[in-house]
Amino acid sequence: MEKDVKAGMPSGAEAAAGPLVSQSRSEDEESTAVKRTAAQAFSGAGLIPKRRSSSRSIKRKKFDDELVESSLAKSTSRVKGQPVIEPIRCPGNDLASGDKKKGLKSGSALTPPLTMVIAPSSMTKRMKKNKQPLQITKDLGRWKPTDDLLLINAVLQTTDLTSVHLGVKFSCRFTLREIQERWYALLYDPVISKLAWQAMRQLHPEAIAAIQSKALFSQTEEALLAKITSSSQPKLEVFQDLLNKHPNVFYPSRTAKNLMVHWQLLKQYYLLEDQSVQPLPKGEQVLNFSDAEQVVDDAKLKDSRDEVLEHELMIADRHQKREIRQLEQELPRWQVLVDSITGINSPDFDNQTLAALRGRMVRYLMRSREITLGRATKDKQIDVDLSLEGPAWKISRKQGIIKLKNNGDFFIANEGRRPIYIDGRPVLSGNKWKLNNNSVMEIAGLRFVFLINQELISLIKAEAAKMNQP
């Protein structure tokens with residue numbers, strides 16, 4: 001028994017136990033001393049945890065759940081930066097059942113094979129795994145599924161990203177570069193395209209239908225619409241026949257009403273085939289904003305960018321636009337002064353016309369004391385149909401009423417949802433405003449000038465004064 005214990009002890013333990021054990025001791029006392037010195041040597045080195053032990057000479061077998069490993073946590077918390085060491089028992093080095101009692105006393109059994117497990121490395125791996133989807137979905141916050149569907153439909157219609165940037169209204173204000181990067185990501189990035197496709201498939205059918213109704217018009221579609229002459233007044237049946245004849249050209253979600261609205265836009269900006277914009281004569285001032293846009297040379301805008309020059313041009317452009325708008329508003333007033341000086345009556349009136357509402361395309365004559373303004377439909381007809389002037393889908397069916405009172409004053413009452421601007425001042429729904437001669441009226445982007453037949457109104461005032469006399 002004594003030989004087995006000495007063979008399993010390390011040389012350091014024998015050196016430490018040598019001077020302590022005398023030769024006169026008995027075999028039991030010598031084994032007890034060797035056991036104590038070996039335990040002190042290994043516990044002082046910090047290699048094994050402390051364990052509870054009794055003072056009895058005969059010891060029973062200790063199981064793993066009876067060991068206290070508190071010293072292991074204390075030793076690792078003192079030294080910063082050291083890896084966490086976890087003892088792992090290898091199956092190849094397990095002691096036999098008969099040698100387990102000897103292993104508790106021997107020094108070799110107190111140092112089982114150890115493996116180092118570094119906790120920070122596992123945490124860094126988890127952080128890397130968590131960061132990967134964040135980098136993939138970095139740009140998915142601003143681009144919504146509706147924006148992706150709008151982008152795809154617009155590119156398929158126009159095949160021009162610049163036109164998409166100018167014509168499509170996204171949920172956020174994207175730059176041309178951001179639109180290009182998003183389009184290339186949808187084409188060539190498999191992860192982003194897959195996520196965007198899954199998000200678009202989850203959209204509601206009504207939302208998809210609303211997005212498809214906003215698709216831009218292609219050049220072939222506008223070419224077919226431009227063939228309808230501006231002098232004609234086409235109805236919905238004409239556009240429905242056009243859809244039936246060319247189902248492969250028009251977008252599937254197009255309706256006759258959409259085609260009619262777009263045709264009115266083309267007519268307003270002189271883009272039909274039978275329309276032509278006459279060049280401005282030299283030496284005369286620009287009278288409206290559309291003529292000023294035609295003077296601008298687009299070729300010069302494609303030169304290299306100069307930030308200082310662009311800033312100065314932007315300021316000058318603002319001043320010019322402000323002057324043009326002021327001239328447009330003051331032009332009818334100056335026209336009245338010229339007519340009064342020259343003595344030439346305006347051709348807008350006759351003996352039965354009380355006032356006139358003059359626009360860019362049409363002129364409405366007021367021959368009764370009360371007229372209604374708005375947008376005519378099949379079910380409801382009104383006196384002044386503003387849809388003949390231009391796009392009027394934002395105007396109410398009964399937008400307002402113009403009424404002549406007995407004292408010769410004209411008043412307008414707003415009956416619609418949108419405000420009516422009189423000389424730049426808004427007249428909200430349910431309110432009234434007095435109309436003067438040459439008052440500028442603006443309703444949903446359509447501008448009119450209200451002209452009063454002064455001669456006829458003066459006669460009406462004179463008759464009213466005679467009637468009021470006793």
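Buried means under 20% relative accessible area. I'm jotting that down first, and also that this is a predicted model.

**Entry: aromatic rings**

I searched the whole structure for aromatic pairs and got six. One of them joins Phe 170 and Phe 174. Their ring centres are 5.7 Å apart, and the planes stand at 75° to each other. That makes the pair edge-to-face, because planes over 60 degrees apart count that way. Buried or exposed, I wondered about Phe 170 and Phe 174? Both turn out to be buried. I then followed the ring pairs outward and found Trp 143 in a cluster with Phe 170 and Phe 174.

**Entry: charges over rings**

Next I looked for charged side chains sitting over rings. Arg 254 lies over the face of Phe 217, 3.8 Å from the ring centre. I also noted Lys 405, whose charged end sits over the ring of Phe 411 at 4.5 Å from the centre. Phe 411 falls in the range of strand β8, residues 410-414, which took me on to the sheets.

**Entry: the five-stranded sheet**

I traced an open sheet with the strand order β6-β5-β7-β8-β11 and mixed pairing. Which strands are at the edges? They are β6 (384-385) and β11 (432-435), each pairing on one side only. I checked how β8 meets β11: the two run antiparallel, with four bridges between them. Across that pairing, Ile 412 stands opposite Trp 433 of β11.

**Entry: the six-stranded sheet**

Another open sheet has six strands, in the order β4-β3-β13-β12-β9-β10, and its pairing is antiparallel. Here I wrote down β4 (363-366) and β10 (425-427) as the edge strands, since each of them pairs on one side only. From one strand to the next, the twist averages 25°. Inside this sheet I picked out β12 (residues 439-443), which pairs with β13 in the antiparallel sense over five bridges. One residue match I noted is Ser 439, whose bridge partner in β13 is Phe 450.

**Entry: Asn 453**

Just past β13 I stopped at Asn 453, in the loop between β13 (446-452) and α17 (454-468). Why does Asn 453 count as buried? Its relative accessible area is 9%, so it falls under the 20% cut-off. Leaving out residues up to four places away in sequence, I listed what Asn 453 touches: Phe 349, Asp 350, Thr 353, Leu 354 and Ala 355. Thr 353 got a closer look, and I found its backbone oxygen 3.0 Å from a polar atom of the Asn 453 side chain.

Definitions and conventions:
Residues are numbered from 1 along each chain as its sequence is written. This is a predicted model: local features need pLDDT of at least 70, side-chain atom pairs count only at pLDDT 80 or more; totals for chains, interfaces and linings use all residues. Side-chain values use heavy atoms; hydrogens and water are left out. Two strands pair if DSSP finds at least two bridges between them. Rings of Phe, Tyr and Trp (its six-membered ring) pair if their centres lie within 6.5 Å; planes under 30 degrees apart count as stacked, over 60 as edge-to-face and the rest as tilted. Buried means under 20% relative accessible area, exposed over 50%, partly exposed in between (1.4 Å probe, protein chains only). A charge sits over a ring if NZ of Lys or CZ of Arg is within 6 Å of the ring centre and within 35 degrees of the ring normal. A polar contact is a pair of N or O atoms within 3.5 Å; within protein, one must be able to donate a hydrogen and the other to accept it, and residues adjacent in sequence count only if both atoms are side-chain atoms. Contact means heavy atoms within 4.5 Å. Axes are lines fitted to C-alpha atoms, for helices over the stretch in contact, and angles run from 0 to 180 degrees between N-to-C directions.
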